[in-house]
Amino acid sequence: MKSVVISLAMLCTSVYATVDFYQVGGPAEVCDPSNGMRYKFFYDLKYTWLAAKDACALDSGVLAKIDDSDLHKRFRRYINSENDIKNPMGGGYWFGLNDRLVEGSFVFIDDTPLSYDGWSSRKVGKKTVTQPNNNVQKDCHGQDCGQLWQFPKKRNKNATWHFDDAYCLDKKSFICMYENGCSDE
Ligand SMILES: [Ca+2]
Ligand SMILES: [Ca+2]
């Protein structure tokens with residue numbers, strides 16, 4: 001009997017790998033059945049990256065870690081499925097990604113290095129502009145903080161929410177992540 005239960009549990013785990021976020025207490029708060037994490041979308045606020053990091057800590061969370069293609073897809077699908085969430089006040093969502101310590105070495109809040117390429121790449125005229133580009137036009141220190149970018153913002157076209165390095169002092173909406181609050185049943 002025990003082995004049947006275990007194999008059923010394994011089956012459920014593999015099925016859940018493709019299941020989308022489900023809401024807990026409203027559209028701005030979701031659980032991911034694949035990793036058991038809870039996420040909150042602070043779509044109606046906009047803070048600098050450091051202030052967003054502090055706001056997550058005050059709420060007993062951290063800026064979200066998005067480090068694989070499946071999780072990134074779940075975020076992209078979920079954001080575009082909810083009107084409020086897909087129109088964040090800050091024009092994008094800060095998450096935990098940053099290269100503040102060593103230029104070009106992107107890490108998350110827990111200092112693990114980025115191992116997945118979710119970066120934006122788009123055509124501008126005949127050129128392809130690929131992120132991260134550490135743009136220095138507005139700030140000589142460049143861009144060291146990672147956002148899920150609300151691009152393209154054209155009417156009736158969903159953003160792709162790819163990664164972009166942005167100016168840490170820009171004010172953006174943000175996504176916090178929590179290890180508790182999702183039932184593991
Ligand atoms: Ca940078
Ligand atoms: Ca950039």
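The numbered points below are comments on a predicted model of one protein chain.

1. Confidence. The average pLDDT of the protein chain is 91, and 89% of the residues score at least 70. The weak stretch to note is residues 12-17, where pLDDT stays under 50. For that stretch the model has four contacts beyond four places in sequence.

2. Overall make-up. The protein chain holds three helices and ten strands. Read from the N terminus, the order of elements is α-β-β-β-α-β-α-β-β-β-β-β-β. Of its 185 residues, 35% count as buried. Taking contacts between residues at least 6 apart in sequence, 66% join residues at least 24 apart.

3. The core. The largest nonpolar core contains 38 residues. Leu63, Ala64, Trp94, Phe95, Phe174, Ile175 and Cys176 have the most contacts inside it. Two or more residues of this core come from each of strand 3 (38-47), helix 2 (49-58), helix 3 (69-81), strand 5 (92-98), strand 8 (145-149), strand 9 (163-166) and strand 10 (172-178). In general, nonpolar side chains tend to be buried together in soluble globular proteins.

4. Phenylalanine 95. Which residues does phenylalanine 95 touch, not counting residues up to four places away in sequence? They are Leu63, Ala64, Ile66, Gly146, Leu148 and Ile175. Among these, Leu63, Ala64 and Ile175 are also listed with Phe95 among the residues with the most contacts inside the core.

5. Strand 5. Seven of the seven residues of strand 5 are buried, so this strand is largely enclosed by the rest of the structure. Strand 5 pairs with strand 8 in the antiparallel sense, over four bridges, and with strand 10 in the parallel sense, over two bridges. Within the antiparallel pairing, asparagine 98 has cysteine 145 of strand 8 as its bridge partner. Within the parallel pairing, tyrosine 93 is partnered by serine 173 of strand 10.

6. Helix 3. The geometry of this helix can be checked by its length: at 1.5 Å a residue, its 13 residues should span 18 Å, and the end C-alpha atoms are 18 Å apart, which agrees. Which residues of helix 3 are buried? Leu71, Arg74, Phe75, Tyr78 and Ile79 are. They cover an arc of only 125 degrees around the axis and therefore lie on the same side of helix 3. An α-helix has 3.6 residues a turn, so residues three or four places apart point the same way. The buried residues of helix 3 pack against strand 2 (29-31) and strand 8.

7. The hairpin of strands 6 and 7. Strand 6 (residues 121-124) and strand 7 (residues 127-130) pair in the antiparallel sense over four bridges. Arginine 122 has valine 129 of strand 7 as its bridge partner. Two residues lie between the strands of this hairpin, and glycine 125 takes a positive phi near 65 degrees.

8. Backbone values to inspect. Most residues other than glycine have a negative phi, and most peptide bonds are trans. Serine 60 has a positive phi of about 65 degrees although it is not a glycine; serine 60 sits in the loop between helix 2 and strand 4 (62-63). Tryptophan 161, in the loop between strand 8 and strand 9, also has a positive phi, near 55 degrees. Are these two residues buried or exposed? Serine 60 counts as exposed because it has 11 C-beta neighbours inside 10 Å, whereas tryptophan 161 is buried, with 25 other C-beta atoms within 10 Å. The peptide bond from glutamine 131 to proline 132 is cis, with omega near 0 degrees. Proline 132 belongs to the loop between strand 7 and strand 8.

9. Methionine 37. This residue is in the loop between strand 2 and strand 3. Methionine 37 is buried because 20 other C-beta atoms lie within 10 Å, and a residue needs 20 or more to be called buried. Leaving aside neighbours within four places in sequence, methionine 37 is in contact with Asp32, Met177, Tyr178, Glu179 and Cys182. Methionine 37 and cysteine 182 are 145 residues apart along the chain, while their C-alpha atoms are separated by 6.7 Å.

Key: Residues numbered from 1 in each chain as written. Chains lettered and ligands numbered in written order. Predicted model: local features only at pLDDT ≥ 70, side-chain atom pairs only at ≥ 80, totals over all residues. Core = buried A, V, L, I, M, F, W, Y, C linked by C-beta atoms within 7 Å. Buried ≥ 20, exposed ≤ 12 C-beta atoms within 10 Å, placed from the backbone. Contact = placed C-beta atoms within 7 Å. Expected span 1.5 Å × (residues − 1). Arc of directions from axis to C-beta. Pairing = 2+ DSSP bridges. pLDDT = per-residue confidence, 0-100.
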